[in-house]
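This report describes a predicted model. The pocket is taken up before the sheet and its helices.

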Amino acid sequence: MLKYNFTLKETDGKDISLEDFKGKNVVLYFYSRDNTAGCTTEAVEFRDLYDEFQKLNTVILGISRDSLKSHAKFREKQNIPFLLLSDPMEEVHNLFGVMKLKKMYGREYIGVERSTFVFDKSGKLVKEFRNVKAKGHAEEVLYFIRNELEF
């Protein structure tokens, strides 16, 4: 896990590192913004399957560039039970290579490629989901963990 170790603040201001979850599987998903349609869909689907992930000894962590205040409002509004981490300087985004050149309305810009990384109980990165579609993604991740990892 050393390659991917980081420390970021979560919604309540507490420092969180991947190492904090040794002995558990970890789902780390990157999304672009709180309260946008696709990101809300993804968060709500992870929320709705939260108990299933818990049964599989799996922690869910969402990460975006949004502020802790924005995350707190988003968690409250959507009743999200898992932690949302704030990475405003994009340090962890860059560590995982999720900042990509995108195009919208003929304009190019650097934005977040919706991506999910799964770590096993020992902290080893075992699966990358890149450029995912929000709808149905949480179920896809749950299926992978249920069928490929020990819990």
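## Pocket and sheet

Lining the largest pocket are 16 residues, and those nearest its centre are Ser32, Cys39, Lys102, Val112 and Arg114. The space in this pocket comes to about 210 Å³. By residue class, its lining consists of 7 nonpolar, 5 polar and 4 charged residues. Helix α1 and strand β7 (107-112) each contribute at least two residues to the lining of the largest pocket.

The model also holds an open sheet of 7 strands with mixed pairing, in the order β2-β1-β5-β4-β3-β8-β9. Because β2 (15-17) and β9 (125-129) are the edge strands, each with a single partner strand, one side of each has no neighbour in the sheet. On average, neighbouring strands of this sheet are turned by 30° against each other, direction ignored.

Strand β1 (residues 7-10) runs antiparallel to β2 and is joined to it by 3 bridges. Within this pair, Thr7 lies opposite Ser17 of β2.

Two helices that pack on the sheet are listed below with the strands they touch.

| Helix | Residues | Strands touched | Angle between directions |
|---|---|---|---|
| α1 | 37-48 | β3 (25-30), β4 (58-64), β8 (115-119) | about 165° with β3 |
| α3 | 68-78 | β1, β4, β5 (83-86) | about 160° with β5 |

Strand β4 is touched by α1 and also by α3. Helix α1 thus appears in both parts of this account: α1 packs on the sheet, and α1 supplies at least two residues of the pocket lining.

Technical notes:
Residues numbered from 1 in each chain as written. Predicted model: local features only at pLDDT ≥ 70, side-chain atom pairs only at ≥ 80, totals over all residues. Heavy atoms only, no water. Pairing = 2+ DSSP bridges. Helix = DSSP H or I, 4+ residues; strand = E, 2+ residues; numbered from the N terminus. Axes fitted to C-alpha atoms, helices over the stretch in contact; angles between N-to-C directions. Contact = heavy atoms within 4.5 Å. 1 Å grid on protein atoms, 1.4 Å probe; cavity = no way out; pocket = protein on both sides within 12 Å on 5 of 7 lines; lining within 4 Å. Points joined across faces, edges and corners; volume = space filled by probe spheres on them. Nonpolar A, V, L, I, M, F, W, Y, C, P; charged D, E, K, R; others polar.
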